[in-house]
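Reader: I am new to this one, and I would like to start with its cysteines and then look at its pockets. Could you walk me through them?

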Amino acid sequence: IGANSVTPTNTGPYCEGETIQLDVDDITGATYSWTGPGGFTSALRNPTRAGATVADAGTYTVDVTVSGCTSTSSVDVQVVPAPLAPADQTITYCKDDTPNPLTPSGATYLWYTAATGGTGTTAPPTVSTASVGTTSYWVSEKVGNCESPRGKVDVIVEEPVVVDAGTDFCICESEDATLNGSITGGVTTGTWTSSGGGVFANPTNLGTTYTPDAADKAAGSVTL
């Protein structure tokens with residue numbers, strides 16, 4: 001065979017993580033010697049290089065020897081960096097709220113209902129707040145033929161929070177106010193506050209007491 005009479009090929013360009021597939025003419029009785037970036041070597045006619053990285057891109061050279069005659073030729077291999085995964089998100093709504101469209105959106109993003117597998121769609125899923133619970137979605141970015149890992153989006157729907165401080169009531173000037181608040185919905189704790197300057201025995205206890213100060217007594221009322 002004469003110099004440069006063989007034609008090496010590859011199936012790229014490749015995305016990061018894919019397998020590089022090299023090939024050259026199949027010649028009876030020939031031996032093959034490939035070299036490439038990062039110390040790559042192979043004596044196969046059609047070697048592969050799994051888990052491609054950007055550092056694996058570059059020129060791959062093959063020597064094909066038949067009956068003592070060697071032909072040398074090269075081929076360039078491209079490895080495209082994978083896009084970064086979209087950031088994980090947690091979005092919280094109260095039940096029956098009007099949800100906002102999920103983001104990111106656009107032709108370069110693919111939405112899934114599972115962490116792996118499935119077929120992505122460029123249209124973000126429609127979020128429902130009709131029932132309480134957590135629904136998870138996954139989204140990736142695709143640039144050319146290269147797709148990023150998937151980022152996770154958790155949509156949490158909670159019961160609306162309802163706070164009740166109790167009904168208005170009167171106390172004598174020398175008394176403390178005994179309180180009995182309630183909270184229902186997505187949380188079970190709260191903090192008492194006052195429009196006056198008195199003191200709560202324990203402001204984070206729903207059933208606590210409030211001691212009016214002189215200004216509260218002078219005003220004749222206080223809002224808790």
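**Cysteines and pockets**

Author: Gladly! Let us begin with Cys15, which is buried, with a relative accessible area of 8%. Please keep in mind that this is a predicted model.

Reader: Which cysteine does a disulfide join to Cys15?

Author: A disulfide is a covalent bond between the sulfur atoms of two cysteines. The structure holds one disulfide. With an S to S distance of 2.1 Å, within the 2.5 Å cut-off, the partner of Cys15 is Cys146.

Reader: How many residues apart are Cys15 and Cys146?

Author: Cys15 sits in strand β2 (residues 14–15) and Cys146 in strand β13 (residues 146–147). The pair links distant parts of the chain, and the separation is 131 residues.

Reader: Is the disulfide of Cys15 and Cys146 left-handed or right-handed?

Author: The torsion about the S-S bond is about -95 degrees. The sign is negative, so the disulfide of Cys15 and Cys146 is left-handed.

Reader: Why is there no bond between Cys170 and Cys172?

Author: Cys172 holds the cysteine sulfur closest to that of Cys170. A disulfide needs the two sulfur atoms within 2.5 Å. The pair is too far apart for a bond, because the distance is 9.3 Å.

Reader: Which class has 12 residues in the lining of the largest pocket?

Author: The largest pocket has a volume of about 500 Å³. Of the 22 residues lining this pocket, the closest to its centre include Phe169 and Ile171. Five lining residues are polar and five are charged, while the class with 12 is nonpolar.

Methods:
Residues are numbered from 1 along each chain as its sequence is written. This is a predicted model: local features need pLDDT of at least 70, side-chain atom pairs count only at pLDDT 80 or more; totals for chains, interfaces and linings use all residues. Side-chain values use heavy atoms; hydrogens and water are left out. On a 1 Å grid over the protein atoms alone, a cavity is a set of points where a 1.4 Å probe fits but cannot get out, and a pocket is an open set with protein on both sides within 12 Å along at least five of seven lines; lining residues have an atom within 4 Å of a point. Grid points are joined across faces, edges and corners, and a volume is the space filled by probe spheres set on the points. Ala, Val, Leu, Ile, Met, Phe, Trp, Tyr, Cys and Pro count as nonpolar, Asp, Glu, Lys and Arg as charged, and the others, Gly among them, as polar. Helices (H or I, at least four residues) and strands (E, at least two) are DSSP runs, numbered from the N terminus. Buried means under 20% relative accessible area, exposed over 50%, partly exposed in between (1.4 Å probe, protein chains only).
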